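Trainee: Could you teach me how to read helices in a structure?
Mentor: Gladly, let's look at one together.

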Amino acid sequence: MTRASTGRRPGPRSPGRARALGVAGAVAAALAIWAVGEPLLGHDLVVQQKGQQPQDLGAAAIGVFALVPSLLGWALLAGLERVTRLAARIWTAAALTLLAVSFLPIIGVQASGASKAVLSLTHLAVAAVLIPVFWRTATPRAADSGSGR
């Protein structure tokens, strides 16, 4: 009997591996949007906050700004899984709240409309990858493993 006919879903065998792939996918999605927005369409992602010099956001900045929050989100979910059986729900609510809050700096900086659109799409892309992956891989506390989400 083949693995496909056993009824098990194909894919990573552990939540850790799936989450690592999710983090990598989130970074790749953000970089793909940057690549379309800046090099292909020619929109320089230059932002300026009041009282500061303009900053050109290149691939490295986009990659770091996608990677660090992704890893922090993973750490938060892992911590929540240790203390509550509602980790997935709490984490998802926190992730959606932080996604909404992440748009405030985009609103507050001086940048072209195209730059703001590309930056907004990178935020959405990271969330679109991470939230479903982390939700799907969330596990309840070991003592509560018999109860559902």
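We will go through helix length, burial and helix packing.

Mentor: This is a predicted model, where local features need pLDDT of at least 70, side-chain atom pairs count only at pLDDT 80 or more, and totals for chains, interfaces and linings use all residues. Residues are numbered from 1 along each chain as its sequence is written, and side-chain values use heavy atoms, leaving out hydrogens and water.

Trainee: What span should helix α1 have?
Mentor: The expected span is 1.5 Å times one less than the number of residues. For the 26 residues of α1 (residues 15-40) that gives 38 Å, and the end C-alpha atoms are 35 Å apart, which agrees. Glycine 42 follows α1, with a positive phi near 80°.

Trainee: Which residues of α1 are buried?
Mentor: Buried means under 20% relative accessible area. Among them are Ala26, Ala30 and Trp34. An α-helix has 3.6 residues a turn, so residues three or four places apart point the same way. The cover over the buried residues of α1 includes β2 (55-56), α2 and α4 (113-137).

Trainee: Is threonine 122 in α4 buried or exposed?
Mentor: Threonine 122 is buried, at 5% relative accessible area. Beyond its neighbours within four places in sequence, threonine 122 contacts (heavy atoms within 4.5 Å) Ala30, Ile33 and Trp34.

Trainee: How do the axes of α2 and α3 cross?
Mentor: Axes are lines fitted to C-alpha atoms, for helices over the stretch in contact, with angles from 0 to 180 degrees between N-to-C directions. Those of α2 (residues 59-83) and α3 (residues 87-108) come within 9 Å and cross at roughly 150°. That makes α2 roughly antiparallel to α3 (over 145 degrees).

Technical notes:
Helices (H or I, at least four residues) and strands (E, at least two) are DSSP runs, numbered from the N terminus. Angles under 35 degrees count as roughly parallel, over 145 as roughly antiparallel, 65 to 115 as roughly perpendicular and the rest as oblique. Buried means under 20% relative accessible area, exposed over 50%, partly exposed in between (1.4 Å probe, protein chains only).
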